[in-house]
Amino acid sequence: MALRTILVKGDPALGKVCRPVDKFDHRLHILLDDLKETLAQAKGVGLAAPQVGILRRAVIVVNENDEMMELVNPVIIHQEGEQDGFEGCLSVPNLYGQVKRPMKVRVRAQDRNGEVFEVEGEEIVARCFCHELEHLDGHLFVEHTDHLYTGEELDAMMEDQEEQA
């Protein structure tokens, strides 16, 4: 396993549509392992292959039990409800925006061996599914928000909300 460099906004690879994975081999396994190691090191909740310069449809999402899920060729097959919350991205460091996402999302994907499965997530996991799958089509969360906040601005806003509650 190896740490990969996370690309940042402005890198052309982040704007490209990824190709489906059609070989479930040792190279895919290395990519998935590297994505997990890179995500753990970055202390994030999701990472997509294009964020490390690999234009393949593979993502890692951390679920509500802090387990890393490998999703190859993922597709959202159902979504319901709505949530509005702040989002950040490892490829847009230290900037956050308010984004509307579904409250509940069901994804069909393949595992590292090509077996098809379905998984469902709510709240932060649903948000993460949507966010990471958008990377596979060359999109960033900043397309969904009209204002970006720094970490300091976000912390100050959260403190103000706590004081008012």
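**Notes on strands and cysteines**

1. Let's start with the sheet: strand β3 (residues 68-80) runs antiparallel to strand β6 (residues 104-110), and six bridges join the pair. Two strands pair if DSSP finds at least two bridges between them, while strands (E, at least two residues) are DSSP runs numbered from the N terminus. Find valine 75 and look across: its bridge partner in β6 is arginine 108.

2. Before you go on, keep in mind that this is a predicted model, where local features need pLDDT of at least 70, side-chain atom pairs count only at pLDDT 80 or more, and totals for chains, interfaces and linings use all residues. Residues are numbered from 1 along each chain as its sequence is written, and side-chain values use heavy atoms, with hydrogens and water left out.

3. Now for the other partner of β6. Strand β7 (residues 116-122) pairs with β6 in the antiparallel sense too, over seven bridges. Here valine 105 has glycine 121 in β7 as its bridge partner. β6 and β7 make a hairpin with five residues between them, and glycine 114 in the turn has a positive phi of about 95°.

4. How many disulfides does the structure hold? Zero, counting a disulfide as a pair of cysteine sulfur atoms within 2.5 Å. Take cysteine 18: the closest cysteine sulfur, in cysteine 89, is 13 Å from its own, so that is too far for a bond. Cysteine 128 is in no disulfide either, as the nearest cysteine sulfur, in cysteine 130, is 9.4 Å away.

5. Are these cysteines buried or exposed? Cysteine 18 is buried, at 5% relative accessible area, and cysteine 128 is buried at 5% as well. Buried means under 20% relative accessible area, exposed over 50%, and partly exposed in between (1.4 Å probe, protein chains only).

Key. Helix = DSSP H or I, 4+ residues; strand = E, 2+ residues; numbered from the N terminus.
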